[in-house]
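Me: I am new to this structure and should like to understand the terms used to describe it. Please set each value against its definition.

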Amino acid sequence: MKPAVPSISRISSQLKEISMPTPDTASLPSLPTLPTPLALSTATTLGQLADETPDVMTLHTQDAFRMFTGRAADSQTKAPAIPGGRRFAAVLKSIWYLSANDNPYADWILIRVYQSLVTIRAQMAQAICVREAEFEGLRRKGLSLSVLSSRSPATVALGFRSPYGYATAEAIVEFDYHVRMVKTLVLKDRLSDGDGRAAIREVGRGLRALFLEPIRWERLLLREEMLPLSRSDFLPGADDLARQRMHIAVTLFGEVPRAVFTGDDAPRHSQRRITPTAAELRLLRQASLSIAAQPEPATPPTGQLL
């Protein structure tokens with residue numbers, strides 16, 4: 001089974017946009033004035049949908065701003081780079097594009113990362129609810145406290161080209177509010193300095209670990225020789241290069257879950273636009289996902305595969 005998919009050259013060109021994208025600036029073309037609705041033609045060309053106004057994110061704390069921007073490597077101190085939300089969103093955008101090629105590993109990492117992001121956001125939401133309850137309890141007693149905010153907050157223009165970028169931005173904003181709540185409670189003697197730092201560090205550590213996870217997947221899956229990787233590489237009749245790609249992916253990342261391979265478990269957002277026939281779905285359910293049951297591929301030519 002080899003369903004029609006976008007050309008590898010097209011996907012490859014899209015994947016070159018690894019840095020944070022900028023919004024489309026082209027305006028929508030104006031349509032001619034039509035005398036009556038009956039004058040509309042099926043050939044009428046509509047402009048591409050675009051944001052009416054720029055999307056922005058406002059951050060009040062250095063903690064959240066650094067969480068979004070990350071940290072560049074320092075050659076003098078030998079400090080390694082720390083990826084932030086911006087890099088994380090760019091990586092997910094690239095993998096999201098790659099899912100258009102029916103790549104099961106692209107789907108798998110998108111599912112895993114989004115589930116982890118949802119879990120972290122739920123933890124933040126729970127912590128915020130507890131803090132807000134403290135504020136409400138004080139208000140009922142007669143003490144009304146306001147949450148700290150910056151006199152000069154940072155406004156970051158967003159131009160993400162994937163839904164995962166906006167999911168990341170929302171998590172960063174929630175982290176910013178969490179930090180503001182904690183620092184308010186420290187300043188107003190509801191938390192000790194140590195407890196406040198620990199509350200911020202606990203959530204921050206989870207976000208940074210999450211930002212690191214998809215980068216190693218990107219480094220392999222976006223290699224030129226691995227871009228054609230698709231579900232058809234696992235099926236009987238796959239050629240030697242396909243088996244090589246399949247062996248490399250399984251060796252480095254493990255066996256893709258069957259539900260992801262068949263499409264029963266799909267990412268929240270995917271570029272995959274394939275609906276298998278009953279016969280094709282039967283092949284997907286019967287295909288071996290283990291390299292132990294696959295014919296050993298020939299040694300890859302020098303300079304082609306890993």
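**Contacts, confidence and pairings**

Reply: Among contacts in the chain between residues at least 6 apart in sequence, 79% join residues at least 24 apart; contact means heavy atoms within 4.5 Å. This is a predicted model, in which local features need pLDDT of at least 70 and side-chain atom pairs count only at pLDDT 80 or more, while totals for chains, interfaces and linings use all residues. Residues are numbered from 1 along each chain as its sequence is written, and side-chain values use heavy atoms, with hydrogens and water left out.

Me: What is the mean pLDDT of the chain?

Reply: The mean is 84, and 81% of the residues reach 70 or more. The scale is the predictor's confidence in each residue, from 0 to 100. Helix α1 (residues 8–15) has the lowest mean among the elements, 53, and α5 the highest, 96. Over residues 17–32 the pLDDT is below 50, although this stretch has 35 contacts in the model beyond near neighbours in sequence. Residues 301–306 also stay under 50. Where pLDDT is low, the predicted coordinates should not be read in detail.

Me: How many helices and strands does the chain have?

Reply: The chain has nine helices and two strands, running α-β-α-α-α-β-α-α-α-α-α from the N terminus on. Helices (H or I, at least four residues) and strands (E, at least two) are DSSP runs, numbered from the N terminus.

Me: What makes the pairing of E170 and R121 a salt bridge?

Reply: A salt bridge is a side-chain nitrogen of Lys or Arg within 4 Å of a carboxyl oxygen of Asp or Glu. The side chains of E170 and R121 meet at 3.0 Å, N to O, so the pair satisfies that limit. E170 belongs to helix α5 (residues 163–187) and R121 to helix α4 (residues 104–141), so the pair links distant parts of the chain, 49 residues apart. The structure holds 15 salt bridges.

Me: Why is E170 called partly exposed?

Reply: Buried means under 20% relative accessible area, exposed over 50%, and partly exposed in between, with a 1.4 Å probe and protein chains only. The relative accessibility of E170 is 41%, so E170 counts as partly exposed.

Me: Why does the salt bridge of E134 with R190 tie together separate parts of the chain?

Reply: The closest N and O atoms of E134 and R190 are 3.6 Å apart. E134 lies in helix α4 and R190 in the loop between α5 and α6 (193–221), so the bridge joins parts that are 56 residues apart in sequence. R190 has a relative accessible area of 38% and is therefore partly exposed.

Me: What separates E136 and R139 in helix α4?

Reply: Being three residues apart, E136 and R139 are separated by about one helical turn. Their side chains meet in a salt bridge at 2.5 Å, N to O. At 31% relative accessibility E136 counts as partly exposed, and R139 likewise at 45%. A network of salt bridges links D102, D107, R231 and R272.

Me: Why does R243 count as buried?

Reply: The relative accessibility of R243 is 18%, so R243 counts as buried. R243 lies in helix α7 (residues 240–253). Its side chain reaches the backbone oxygen of A238 at 3.1 Å and makes a polar contact with the side chain of D240 at 2.8 Å. A polar contact is a pair of N or O atoms within 3.5 Å; within protein, one must be able to donate a hydrogen and the other to accept it, and residues adjacent in sequence count only if both atoms are side-chain atoms.

Me: How do you know that V91 is buried?

Reply: V91 has a relative accessible area of 0%, and is therefore buried. V91 is found in helix α3 (residues 85–98). Leaving aside neighbours within four places in sequence, V91 is in contact with P214, I215 and E218. Of the 306 residues of the chain, 41% count as buried.

Me: What is the largest nonpolar core?

Reply: A nonpolar core is a set of buried Ala, Val, Leu, Ile, Met, Phe, Trp, Tyr and Cys residues joined through side-chain atoms within 4.5 Å. The largest has 66 residues, and those with the most contacts inside it are M57, Y105, F175 and L221. Helix α4 gives the largest share of this core, twelve residues. M57 touches several residues farther than four places away in sequence, including F68, A154 and I172.
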